[in-house]
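Hi,

Here is the structure I promised to pass on. Have a look at it first, and then read on for what I found.

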Amino acid sequence: MPHLSALRRVSRTERDSRPVVSAPQSRDGGAVTHPRTVVLNGDLGSGKTTVSVMLADRLGVRRISIGDIYRRMAAEHGMTALQFNLHSELDDKIDNHIDQLQHDVAASGERLVVDSRLAWHFFTGALKVHLITDPVVAARRVLGRTGDPVENYRSVEEARDHLAGRSESERQRFLSRYGVDKTRLSNYDVVCDTTSAAPEQVVMRIVEALETPTGTPSAPVCHLDPGRVHSTAATDEDGEIVVRYQAPSFVAVRGNRRLSAALRAGETLVPVVLADEDHGAEIR
């Protein structure tokens with residue numbers, strides 16, 4: 001197992017250079033200011049990089065990817081992403097470095113797009129976006145990445161299993177270290193399913209949420225792929241679609257007619273109301 005004694009040298013270098021991945025301008029070439037930072041979390045293989053790059057371009061702000069830094073650290077120490085995750089459970093230097101990095105960025109006050117699986121915990125006042133996707137679709141996306149020594153799989157099944165292992169390793173580490181569960185959808189302001197939706201559609205939903213006046217915190221705004229929502233005969237009624245989340249699945253408890261219409265129309269995203277994750281009541 002490679003030793004992490006070089007971590008402090010890596011940390012100083014990265015802190016001095018600042019973890020900027022991209023700094024695009026807006027479409028008209030000018031700088032665009034926005035009142036809120038956007039932080040993106042999500043399933044592995046859910047398209048966070050693609051969406052965050054497009055969103056930063058749309059808003060004309062800098063993009064920072066904590067995940068890219070983490071992956072570089074894994075590669076520099078000769079580990080896969082899963083190995084580095086498991087090693088992080090035993091050596092808190094890694095999480096300490098990443099935590100300090102996010103604290104420093106959040107304290108700067110700069111309006112940003114931040115791609116990080118834990119930024120929602122550090123950035124108060126930010127718009128917190130969580131991307132989800134079907135596990136098999138995620139595995140196919142990751143399998144399609146060529147020349148990646150950190151994530152290199154031989155089959156969809158292997159990729160799916162390793163992604164699930166990485167996600168659970170992170171979840172357990174975050175629960176132990178911070179007392180938070182990244183899989184609870186109520187942590188976020190916007191939940192968007194990227195299984196079939198184009199990145200442009202996802203960016204549009206995020207921008208719409210940014211343009212909505214902030215008020216009393218309520219349920220996350222959820223946009224799901226209707227093909228991923230399991231329906232039952234008991235939900236065959238008019239009105240909005242209400243779903244219960246049973247990871248990694250969504251089950252409709254009301255609004256099957258609207259859901260069926262969305263499927264017939266070939267919609268890739270449909271707005272839903274998320275039922276309480278503990279008790280099944282609607283979150284309002």
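How far does helix α9 reach from its first C-alpha to its last, and what span would be expected at 1.5 Å a residue? Helix α9 takes in residues 199–211, 13 residues in number, and reaches 19 Å, which is close to the expected 18 Å. Keep in mind throughout that this is a predicted model.

Staying with that helix for a moment: V202, V203, R205, I206, V207, A209 and L210 of α9 are buried. An α-helix has 3.6 residues a turn, so residues three or four places apart point the same way. You can look at the list of buried positions with that in mind. The cover over the buried residues of α9 includes strands β2 (38–42), β5 (127–132), β6 (190–193) and β7 (221–224), together with helix α2 (48–59).

For the wider picture, the protein chain holds 10 helices and 11 strands. Of its 284 residues, 48% are buried. If you take the contacts between residues at least 6 apart in sequence, 72% of them join residues at least 24 apart.

Now the cores. The largest nonpolar core has 40 residues, and F123 and V243 are the ones with the most contacts inside it. Helix α3 (residues 66–76) gives the most to this core, namely five residues. There is also a second, separate core of 21 residues, with L40, L55, V61 and V203 among its members. V203 should look familiar, as it is one of the buried residues of α9.

F123 is worth a click of its own. What does F123 touch, once its neighbours within four places in sequence are left aside? The residues in contact with F123 are T37, V39, Q102, V105, A106, V114 and K128.

V243, the other residue named for the largest core, leads to the strands. V243 stands opposite L274 in β11. Strand β9 (residues 242–246) pairs with β11 in the parallel sense, over two bridges. With β7, β11 runs antiparallel, and three bridges join the two; C222 has V272 in β11 as its bridge partner. Strand β11 itself (residues 270–274) is mostly covered, with four of its five residues buried. In a regular strand the side chains alternate between the two faces of the sheet.

On to the charged pairs. The structure has 13 salt bridges, and a few of them caught my eye:

- R63 and D115 meet through their side chains in a salt bridge, 3.5 Å from N to O. This pair links distant parts of the chain, since R63 is in strand β3 (residues 62–65) and D115 in strand β4 (residues 112–115), 52 residues apart. Both R63 and D115 are buried, and they belong to a salt-bridge network that also includes D68.
- R177 forms a salt bridge with D99, with the closest N and O atoms 3.1 Å apart. R177 is in helix α8 (residues 156–178) and D99 in helix α5 (residues 93–108), so this pair ties together parts that are 78 residues apart in sequence. Is R177 buried or partly exposed? R177 is partly exposed, because its relative accessible area is 31%, between the 20% and 50% cut-offs. D99, on the other hand, counts as buried at 10%, under the 20% limit.
- R154 forms a salt bridge with E158, the closest N and O atoms being 3.4 Å apart. R154 counts as exposed because its relative accessibility is 76%, over the 50% limit.

D68 from that network turns up again next to S65. S65 is in strand β3 and is buried, with a relative accessible area of 2%. The side chain of S65 reaches the backbone nitrogen of D68 at 3.0 Å.

One last spot: where does G239 sit? G239 is in the loop between β8 (229–230) and β9, and it counts as partly exposed at 45% relative accessibility. G239 and R254 are 15 residues apart in sequence, with their C-alpha atoms 7.7 Å apart in space. Beyond its neighbours within four places in sequence, G239 is in contact with G255 and R258.

That is it from me. Enjoy looking around.

Cheers

Key. Residues numbered from 1 in each chain as written. Predicted model: local features only at pLDDT ≥ 70, side-chain atom pairs only at ≥ 80, totals over all residues. Heavy atoms only, no water. Expected span 1.5 Å × (residues − 1). Buried < 20%, exposed > 50% of the residue type's maximum accessible area, 1.4 Å probe, protein only. Contact = heavy atoms within 4.5 Å. Salt bridge = Lys/Arg side-chain N within 4 Å of Asp/Glu carboxyl O. Core = buried A, V, L, I, M, F, W, Y, C linked by side-chain atoms within 4.5 Å. Pairing = 2+ DSSP bridges. Polar contact = N/O pair within 3.5 Å; in protein donor to acceptor, adjacent residues only side chain to side chain.
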